[in-house]
Amino acid sequence: MPRKHVERIVGEDQEEREHKLGAWIGNQRSRAATLTPERMEQLSAIGMRWA
């Protein structure tokens, strides 16, 4: 996913919000060495690719 990818999601209150998903994923990958084992497991369980 490109770093500039943005997801637009409509919440329960019908407000549209933008989430910078590409940047978030890039940050998680770059911080992989500092994440807790539990967090690494959670992200891997939802299909996170680390490379």
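These are my notebook entries on a hairpin, its salt bridges and a helix face, all looked up in a predicted model.

**Entry 1: the strand pair**

I began with the two strands and asked in which sense E1 and E2 pair. Strand E1 covers residues 7–10 and strand E2 covers residues 16–19, and I found them paired in the antiparallel sense over four bridges. For the register I noted two positions: Ile9 stands opposite Arg17 in E2, and Val10 stands opposite Glu16 in E2. I kept in mind that in a regular strand the side chains alternate between the two faces of the sheet.

I then looked at Val10, which is found in strand E1, and listed its contacts while leaving aside the neighbours within four places in sequence. On that count Val10 is in contact with Glu15 and Glu16, so Glu16 appears both among these contacts and as the residue opposite Val10 in the pairing, by the 4.5 Å heavy-atom cut-off for contact. Val10 is partly exposed, because its relative accessible area is 48% and the exposed class begins over 50%.

**Entry 2: the turn**

Next I followed the chain from E1 to E2, which form a hairpin with five residues between them. Which residue in the turn has a positive phi? I found that Gln14 does, at about 70 degrees, although Gln14 is not a glycine. Gln14 lies in the loop between E1 and E2, and I recorded it as exposed because its relative accessibility is 62%, where the cut-off is over 50%.

**Entry 3: the salt bridges**

How many salt bridges does the structure hold? I counted two. In one of them Arg8 is joined to Glu18, with the closest N and O atoms 3.0 Å apart. This pair links distant parts of the chain, since Arg8 sits in strand E1 and Glu18 in strand E2, ten residues apart. Glu18 counts as exposed because its relative accessibility is 53%.

In the other entry under this heading, Arg17 forms a salt bridge with Asp13, and here the closest N and O atoms are 2.9 Å apart. I checked the accessibility of both partners: Arg17 is partly exposed, with a relative accessible area of 39%, and Asp13 is likewise partly exposed, with a relative accessible area of 44%. I also noted again that Arg17 is the residue that Ile9 stands opposite in the strand pairing.

**Entry 4: the helix face**

I turned to helix H1, residues 21–30, and asked which of its residues are buried. They are Gly22, Ile25 and Gln28. Seen down the axis of H1, these buried residues fall within an arc of 130 degrees, so they line one face of the helix. That spacing can be read against a general rule: an α-helix has 3.6 residues a turn, so residues three or four places apart point the same way. When I asked what covers the buried residues of H1, the answer included helix H2, which spans 37–45.

To look at one of these residues in detail I chose Gln28, which lies in helix H1 and counts as buried because its relative accessibility is 9%, where the cut-off is under 20%. Not counting residues up to four places away in sequence, I found Gln28 touching Leu35, Arg39, Leu43, Met48 and Trp50.

Key
Residues numbered from 1 in each chain as written. Predicted model: local features only at pLDDT ≥ 70, side-chain atom pairs only at ≥ 80, totals over all residues. Heavy atoms only, no water. Pairing = 2+ DSSP bridges. Buried < 20%, exposed > 50% of the residue type's maximum accessible area, 1.4 Å probe, protein only. Salt bridge = Lys/Arg side-chain N within 4 Å of Asp/Glu carboxyl O. Arc of directions from axis to C-beta.
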